[in-house]
Amino acid sequence: EQPFLERISALVVAGWLPEAYLIARAESRRAPKSTEGWRARAQLGFTLGHLKDAKQAAKRLRALDPTARLGPGL
């Protein structure tokens, strides 16, 4: 099985954003202390219009890493 970031990157490049978002959500639940899942969930959620979830994911990311940087709107 591919590492999380490789899987997400491949899906995003292929344009399969909804699938990438589902995997990011699963990763944030599987490894709740990992910033990678929360960052991907926030960014993909925002891109797909899941604003409430994206903002919650961004908040969780910043709780884990106060220096985390995200795109505008998050």
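Good morning. I begin with a definition: a residue is called buried when its relative accessible area is under 20%, exposed when that area is over 50%, and partly exposed in between. The structure under discussion is a predicted model, and I shall use this definition for several of its residues.

Let us start with a single residue, S28. Where does S28 sit? Its place is in helix α2, which covers residues 17-30. Is S28 buried or exposed? With a relative accessible area of 1%, S28 is buried, because that value is under 20%. The side chain of S28 reaches the backbone oxygen of R25, at 2.8 Å. If residues up to four places away in sequence are not counted, S28 touches G37, W38 and R41.

One of those partners, R41, leads us to the next helix. R41 has its place in helix α3. R41, too, is buried, since its relative accessible area is 9%. Which residues does R41 contact, once its neighbours within four places in sequence are left aside? They are Y21, A24, R25, S28, D53 and A57.

I turn now to the way the helices pack. Two packed helices are described by the angle between their axes and the distance between the axes. For each of three pairs, I shall give these values and then the residues that meet.

The first pair is α2 with α3. Their axes are 8 Å apart, and the helices pack at an angle of about 145 degrees. The crossing of α2 and α3 is left-handed. On the α2 side the contact is made by L17, P18, A20, Y21, A24, R25, E27 and S28, and on the α3 side by G37, W38, A40, R41, L44, G45, T47 and L48. By class, the residues of this contact of α2 with α3 divide into 9 nonpolar, 4 polar and 3 charged. Both residues introduced so far, S28 in α2 and R41 in α3, are among those that meet here.

Another member of this contact is L48, in helix α3. L48 is partly exposed, because its relative accessible area of 29% lies between the two limits given at the start. Its contacts, not counting residues up to four places away in sequence, are L17, P18 and Y21. L48 and R29 are 19 residues apart along the chain, and their C-alpha atoms are separated by 19 Å.

The second pair is α1 with α3. Helix α1 comprises residues 4-14 and helix α3 residues 35-48; they pack at an angle of about 15 degrees, with their axes 11 Å apart. That angle makes α1 roughly parallel to α3. The crossing of α1 and α3 is left-handed. Which residues of α1 and α3 meet? From α1 they are F4, L5, I8 and V12, and from α3 they are E36, G37, A40 and L44. By class, the contact of α1 with α3 has 6 nonpolar, 1 polar and 1 charged residues.

Within helix α1, let us consider I8. I8 is buried, as its relative accessible area is 8%. Not counting residues up to four places away in sequence, I8 touches A20, I23, A24 and L44. The C-alpha atoms of I8 and G45 are separated by 13 Å, and these two residues are 37 residues apart along the chain.

The third pair is α3 with α4, the latter being residues 51-64. The axes of these helices come within 8 Å and cross at roughly 150 degrees. How are α3 and α4 oriented to each other? They are roughly antiparallel, because the angle is over 145 degrees. This crossing of α3 and α4 is also described as left-handed. T35, W38, R39, R41, A42, G45 and F46 in α3 meet L51, D53, A54, A57, A58, R60, L61 and L64 in α4. The contact of α3 with α4 has, by class, 9 nonpolar, 2 polar and 4 charged residues.

I close with F46, a residue of helix α3. F46 is partly exposed, with a relative accessible area of 32%. Its contacts, leaving aside neighbours within four places in sequence, are L51, A54, P72, G73 and L74. What distance separates the C-alpha atoms of F46 and L74? That separation is 7.8 Å, and the two residues are 28 residues apart along the chain.

Thank you for your attention.

Technical notes:
Residues are numbered from 1 along each chain as its sequence is written. This is a predicted model: local features need pLDDT of at least 70, side-chain atom pairs count only at pLDDT 80 or more; totals for chains, interfaces and linings use all residues. Side-chain values use heavy atoms; hydrogens and water are left out. Helices (H or I, at least four residues) and strands (E, at least two) are DSSP runs, numbered from the N terminus. Buried means under 20% relative accessible area, exposed over 50%, partly exposed in between (1.4 Å probe, protein chains only). A polar contact is a pair of N or O atoms within 3.5 Å; within protein, one must be able to donate a hydrogen and the other to accept it, and residues adjacent in sequence count only if both atoms are side-chain atoms. Contact means heavy atoms within 4.5 Å. Axes are lines fitted to C-alpha atoms, for helices over the stretch in contact, and angles run from 0 to 180 degrees between N-to-C directions. Angles under 35 degrees count as roughly parallel, over 145 as roughly antiparallel, 65 to 115 as roughly perpendicular and the rest as oblique. A crossing is left-handed if the near helix is turned anticlockwise from the far one by less than a right angle, and right-handed if clockwise. Ala, Val, Leu, Ile, Met, Phe, Trp, Tyr, Cys and Pro count as nonpolar, Asp, Glu, Lys and Arg as charged, and the others, Gly among them, as polar.
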